[in-house]
Amino acid sequence: MAITFGKTGVCTRPAERAVEGYSPRDGLAHGELDRVVYACEEHREEARTVWLAGLTAHALPRSATTTRTCGSFTDFTAPDDPAA
Ligand SMILES: [Zn+2]
């Protein structure tokens, strides 16, 4: 399974939040982890609703993600989507 790293948005603040995005599998809404996006406090709603592109969002507790930049993401799906 390919793993890609990227950056979306123009914000350069430190990310304080991580939001996991799941696609359904075997009847479960949280079936497969497809993407994790990182966001500052200001952009975490955008991370949930836009950056996860319709995946089921699961916000992680606030944690030590400050080495990440807002808008950075890790994608665990194959990089065959030109919009990614
Ligand atoms: Zn931000």
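User: Why is the site of the zinc ion called tetrahedral?

Analyst: Happy to walk through it; please keep in mind that this is a predicted model. The four donor atoms of the zinc ion make angles of 100 to 117°. Four donors count as tetrahedral if all angles lie between 85 and 135 degrees, so the site of the zinc ion earns that name. In general, the ideal angle for four tetrahedral donors is 109.5 degrees.

User: What makes C11, C40, H43 and C70 donors of the zinc ion?

Analyst: Their atoms and their distances. C11, C40 and C70 each offer SG, while H43 offers ND1, and these atoms lie 2.0 to 2.4 Å from the zinc ion. The cut-off for an N, O or S donor here is 2.8 Å, so the four qualify. Along the chain, the donors follow the spacing C-x28-C-x2-H-x26-C. Two of these residues, C40 and H43, are buried.

User: What is the overall make-up of the chain?

Analyst: The chain has one helix and five strands. Reading along the sequence gives the pattern β-β-β-α-β-β.

User: What makes β1 and β4 the edge strands of the sheet?

Analyst: Let's start with the order of the strands. The open sheet runs β1-β5-β3-β2-β4, with antiparallel pairing. Strands β1 (4-7) and β4 (56-59) each have a partner on one side only, and that puts them at the edges. On average, neighbouring strands of this sheet are turned by 30° against each other, direction ignored.

User: How do you know that β1 and β5 are paired?

Analyst: By their bridges. Two strands pair if there are at least two bridges between them. Four bridges join β1 to β5 (residues 72-75), so the pair passes that test. The two strands run antiparallel, and K7 stands opposite S72 in β5.

User: Which strands are joined to β2, and by how many bridges?

Analyst: Eight bridges join β2 to β3, and four join β2 to β4. With a threshold of at least two bridges, both count as pairs, so β2 has β3 and β4 as partners. Both pairs run antiparallel. As examples, V19 has V37 as its bridge partner in β3, and G21 stands opposite A57 in β4.

User: Why is β2 described as largely enclosed?

Analyst: Seven of the nine residues of β2 are buried, so the rest of the structure largely encloses this strand. For a residue, buried means under 20% relative accessible area. Across the chain of 84 residues, 33% count as buried.

User: Where does helix α1 pack?

Analyst: Helix α1 (residues 44-51) packs on the sheet, where it touches β2 (17-25), β3 (28-39) and β4. The direction of α1 makes about 130° with that of β3.

User: Why does D26 count as exposed rather than buried?

Analyst: Its relative accessibility is 73%, and exposed means over 50%, so D26 counts as exposed. D26 lies in the loop between β2 and β3, a hairpin with two residues between the strands. This residue is not a glycine, yet D26 has a positive phi of about 55°.

User: What makes A53 exposed?

Analyst: A53 has a relative accessible area of 63%. Set against the cut-off of over 50%, that value makes A53 exposed. A53 lies in the loop between α1 and β4, and its phi is near 50°, a positive value in a residue other than glycine.

Key: Residues numbered from 1 in each chain as written. Predicted model: local features only at pLDDT ≥ 70, side-chain atom pairs only at ≥ 80, totals over all residues. Heavy atoms only, no water. Donors = N, O, S within 2.8 Å, 3.2 Å for Na, K, Ca; no water. Tetrahedral: all angles 85-135°; square planar, octahedral: opposite > 155°, others 65-115°. Buried < 20%, exposed > 50% of the residue type's maximum accessible area, 1.4 Å probe, protein only. Axes fitted to C-alpha atoms, helices over the stretch in contact; angles between N-to-C directions. Contact = heavy atoms within 4.5 Å.
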